[in-house]
Amino acid sequence: MLTRNCLSLLLWVLFDGGLLTPLQPQPQQTLATEPRENVIHLPGRRSHFQRVKRGWVWNQFFVLEEYMGSEPQYVGKLHSDLDKGEGTVKYTLSGDGAGTVFTIDETTGDIHAIRSLDREEKPFYTLRAQAVDIETRKPLEPESEFIIKVQDINDNEPKFLDGPYIASVPEMSPVGAYVLQVKATDADDPTYGNSARVVYSILQGQPYFSIDPKTGVIRTALPNMDREVKEQYQVLIQAKDMGGQLGGLAGTTIVNITLTDVNDNPPRFPKSIFHLKVPESSPIGSAIGRIRAVDPDFGQNAEIEYSIVPGDGGNLFDIVTDENTQEGVLKLKKPLDFETKKAYTFKVEASNLHLDHRFHSAGPFKDTATVKISVLDVDEPPVFSKPLYTMEVYEDTPVGTIIGAVTAQDLDVGSSAVRYFIDWKIDGDSYFTIDATEGTIATSELLDRESTAQYNFSIIASKVSNPLLTSRVNILINVLDVNEFPPEISVPYETAVCENAKPGQIIQIVSAADRDLSPAGQQFSFKLSPEAAIKPNFTVRDFRNNTAGIETRRNGYSRRQQELYFLPVVIEDSSYPVQSSTNTVTIRVCRCDSDGTILSCNVEAIFLPVGLSTGALIAILLCIVILLAIVVLYVALRRQKKKDTLMTSKEDIRDNVIHYDDEGGGEEDTQAFDIGALRNPKVIEDNKIRRDIKPDSLCLPRQRPPVEDNADIRDFINQRLQENDVDPTAPPYDSLATYAYEGNGSVADSLSSIGSLTMEADQDYTYLTDWGPHFKVLADMFGEEESYNTDKVT
């Protein structure tokens with residue numbers, strides 16, 4: 001209250017000489033012992049020299065919130081110094097809540113609150129008051145502003161806006177380990193009284209946790225809390241205002257606290273010995289059993305690694321960890337055999353993968369257990385003595401000959417007899433049979449190595465006591481070769497010998513092949529057959545390396561006398577029994593040059609002159625090709641050459657150029673140019689041009705000079721010009737005659753040499769001798785044919 005009175009005194013000093021006059025507070029809000037009303041005095045108009053006595057100055061009223069009385073709550077009173085109590089002054093009120101929340105008595109100036117107020121909704125109201133003359137309606141003094149403040153009461157409990165809370169703390173934490181901080185909010189006025197002063201406490205959760213009353217920080221209260229004993233805790237927190245005193249309001253929230261796991265427990269086997277039974281037929285790599293060590297920790301702290309302690313089972317068994325169940329899975333590394341060993345004993349160790357150094361003092365985080373494995377006997381199929389049987393047999397071995405045997409045993413206790421049979425479902429050819437009891441294999445058909453050199457099939461062994469138990473083994477039989485085929489020449493040889501061959505020349509190398517499987521180092525021998533060795537033209541020289549040479553025995557051979565020779569060669573092998581064969585080598589007599597190069601071996605070449613060689617024939621053909629190319633080139637040049645234009649004058653026909661630009665159809669072609677007009681006497685007389693006078697030379701278009709090197713074309717053109725000059729029937733003077741193929745129906749027929757009836761006998765080939773020695777043979781050849789044709793005609 002003293003603070004409030006001091007504030008009022010300060011406001012009086014500030015507003016001294018202003019609009020507000022001294023205000024008398026309510027009895028409970030003053031320091032005086034005499035009760036007075038809340039009054040605001042509004043000063044009237046006085047002279048400036050008049051001294052006014054003032055009391056306490058207030059610029060605000062106070063009203064309690066949540067007022068529940070039946071009558072409007074009295075707030076205070078407005079009073080003007082000009083109001084003499086005669087009823088001439090009217091008081092008005094405006095501003096926040098005027099008329100709706102607050103009302104004023106126009107005559108007395110009393111202010112009342114007409115409804116309950118909530119400070120948390122609106123803490124104060126700003127209003128304006130004025131005194132006016134009731135008759136003139138004019139203000140008696142300026143408008144004054146004041147505040148009505150809603151006075152707080154403890155009507156709001158503390159609230160946890162973020163609750164309920166979830167927190168965690170590692171297990172085995174020391175006392176005072178931080179867990180969580182909670183915070184409650186009180187909507188009451190924190191500047192007035194203790195309505196908003198909150199104190200925290202634990203209603204549920206002792207003695208495990210504690211809370212700071214002022215800050216709301218939750219900490220552990222007990223040491224070594226074990227997650228494996230209790231993992232979840234639910235703590236009830238209370239926040240109470242009024243500093244926790246009686247009558248204060250309270251709010252609560254729940255904090256769910258979880259103890260997180262740490263690796264404070266080693267794995268432990270629930271028992272010291274594990275017994276497992278494993279059939280001996282278990283395949284390698286299969287799981288034969290599971291053991292488990294218990295670790296009460298959680299997550300990676302509970303991950304266990306299993307290992308086999310070096311000893312009895314280290315070579316036969318292995319153990320791995322199942323990541324889902326953390327069990328140790330025992331697996332088989334090698335096959336088991338009940339008949340060899342019936343039981344195994346070894347130790348298994350379980351240890352944590354992730355260790356916490358804080359708990360090393362608790363002891364080793366590992367445990368061991370003993371595993372005893374009993375091997376169960378299983379009725380197994382017979383076992384062959386070998387994984388593969390290989391046998392050999394000669395071809396042509398008599399049917400029924402035993403070539404080998406297989407053996408299978410029943411290794412189970414109380415062994416049973418074994419029966420054998422060939423699996424014909426896979427191997428369909430029944431070349432062999434097997435004795436069902438003894439297991440001996442014999443031939444059932446004659447074998448041929450050249451047909452099949454190897455046989456591969458399967459034999460099945462089954463137990464008499466349980467035929468369903470079978471085992472299989474592969475049999476590989478190699479057929480050995482017997483020397484039954486004679487050697488032969490590897491390829492059919494047809495060789496040639498020159499007519500000018502000398503004795504002792506090797507004209508061909510021959511080799512032999514044998515369809516038998518020849519042993520290493522086998523030798524073949526070559527010789528002539530006895531009938532050919534009497535007067536041989538050729539002989540055989542054996543080189544002793546499985547090859548031989550064909551050697552000449554004469555000085556020269558004549559194709560005219562004998563063109564082909566057939567030489568029988570006898571070849572023998574060195575195997576037992578010795579096999580031999582006679583092979584014929586064909587030898588053809590050919591014409592060769594002095595170097596021994598074969599020129600011709602054809603039969604037609606015998607009738608050609610002796611002096612004409614293959615080179616001469618090639619040269620002749622080359623000359624013919626060159627001549628044909630020259631002719632084709634000449635024709636092409638003639639077609640591409642520009643022609644002079646015809647003179648258009650009809651008065652002088654001497655200088656006319658006759659140009660045929662089409663090949664025409666001869667006299668039957670009516671579209672061709674009529675050359676008869678060139679010889680019309682009337683035209684000549686009309687023009688009166690003398691035929692014996694040479695006309696002036698014309699300026700003809702410049703022609704391309706002929707190719708100097710093309711002598712044949714130049715001679716051909718000169719020859720045709722001379723013929724045309726001496727021909728009386730030719731067109732007169734400077735007429736141009738072109739020569740081309742007239743086509744079918746021409747009276748003159750074709751000018752081409754094709755189809756000419758000139759006989760070959762009319763030709764003289766002696767000029768070919770001038771071309772060189774190679775063409776001399778060609779001239780002699782055609783000369784002989786000419787004489788031959790003459791004799792034939794006669």
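**Entry 1. Strand pairing**

I count two strands as paired if DSSP finds at least two bridges between them. Strands are DSSP runs of E with at least two residues, and helices are runs of H or I with at least four residues, numbered from the N terminus. The model is predicted, so I noted that local features need pLDDT of at least 70 and side-chain atom pairs pLDDT 80 or more, while totals for chains, interfaces and linings use all residues. Residues are numbered from 1 along each chain as its sequence is written, and side-chain values use heavy atoms, with hydrogens and water left out.

I looked up strand 32 (residues 470-480), which pairs with strand 25 (residues 388-394) in the parallel sense over seven bridges. Within this pairing I found Met391 bridged to Ile477 in strand 32. Strand 31 (residues 454-463) also pairs with strand 32, in the antiparallel sense and over nine bridges. Here Ala461 has Ser471 of strand 32 as its bridge partner. Six residues make up the hairpin connection from strand 31 to strand 32.

**Entry 2. Nonpolar cores**

For a nonpolar core I took buried Ala, Val, Leu, Ile, Met, Phe, Trp, Tyr and Cys residues joined through side-chain atoms within 4.5 Å. Buried means under 20% relative accessible area, exposed means over 50%, and partly exposed is in between (1.4 Å probe, protein chains only).

I found 25 residues in the largest nonpolar core, and Phe269, Phe317, Val348, Val371 and Ile373 have the most contacts inside it. The elements giving it two or more residues are strand 17 (273-279), strand 18 (287-291), strand 19 (304-308), strand 20 (317-321), strand 21 (328-332), strand 22 (343-352) and strand 23 (366-376). Another core lies apart from it and has 23 residues, including Ala177, Tyr200, Ile211 and Ile257.

I then listed contacts, meaning heavy atoms within 4.5 Å. Leaving out residues up to four places away in sequence, Phe269 touches, among others, Phe274, Ile291, Tyr306, Val348 and Ala350. Polar or charged names also appear in that list, including Arg292, Asp367 and Thr368.

**Entry 3. Lys90 and His112**

I placed Lys90 in strand 5 (residues 89-95). Lys90 counts as buried because its relative accessibility is 18%. With residues up to four places away in sequence not counted, Lys90 touches Glu106, Gln130, Ala131, Val132, Ile134 and Arg137.

His112 is in strand 7 (residues 110-113). Its relative accessible area is 25%, so I entered His112 as partly exposed. Neighbours within four places aside, His112 is in contact with Pro72, Gln73, Tyr74, Val75, Val101, Phe102 and Thr103. I also noted that 5.6 Å separates the C-alpha atoms of His112 and Phe102, which are ten residues apart along the chain.

**Entry 4. Salt bridges**

I used this criterion: a side-chain nitrogen of Lys or Arg within 4 Å of a carboxyl oxygen of Asp or Glu. The structure holds 21 salt bridges.

One of them joins the side chains of Lys366 and Glu349 at 4.0 Å, N to O. Lys366 is in strand 23 and Glu349 in strand 22, so this pair ties together parts 17 residues apart in sequence. Lys366 is partly exposed at 41% relative accessibility, and Glu349 is partly exposed at 21%.

Glu450 and Arg449 meet in a salt bridge at 3.1 Å, N to O. Glu450 counts as partly exposed at 27% relative accessibility, whereas Arg449 counts as buried at 12%.

For Arg588 and Glu563, the closest N and O atoms are 2.8 Å apart in a salt bridge. This pair links distant parts of the chain, 25 residues apart: Arg588 is in strand 40 (residues 580-592), and Glu563 is in the loop between strand 38 and strand 39 (564-572). I have Arg588 as partly exposed at 22% relative accessibility and Glu563 as buried at 17%. I also found one network in which salt bridges sharing partners join Arg227, Glu228, Glu231 and Asp261.

**Entry 5. Surface patch**

Patches are made of residues with over 30% relative accessible area and no salt bridge; like charges are joined within 9 Å, and nonpolar side chains (Val, Leu, Ile, Met, Phe, Trp, Tyr) within 5 Å. Accessible areas come from the Shrake-Rupley method with a 1.4 Å probe, and for residues only the protein chains shown count as cover.

I found Ile506, Ile509 and Phe543 making a nonpolar surface patch of about 230 Å². Phe543 sits in the loop between strand 37 (538-542) and strand 38 (547-552). At 32% relative accessibility, I entered Phe543 as partly exposed.
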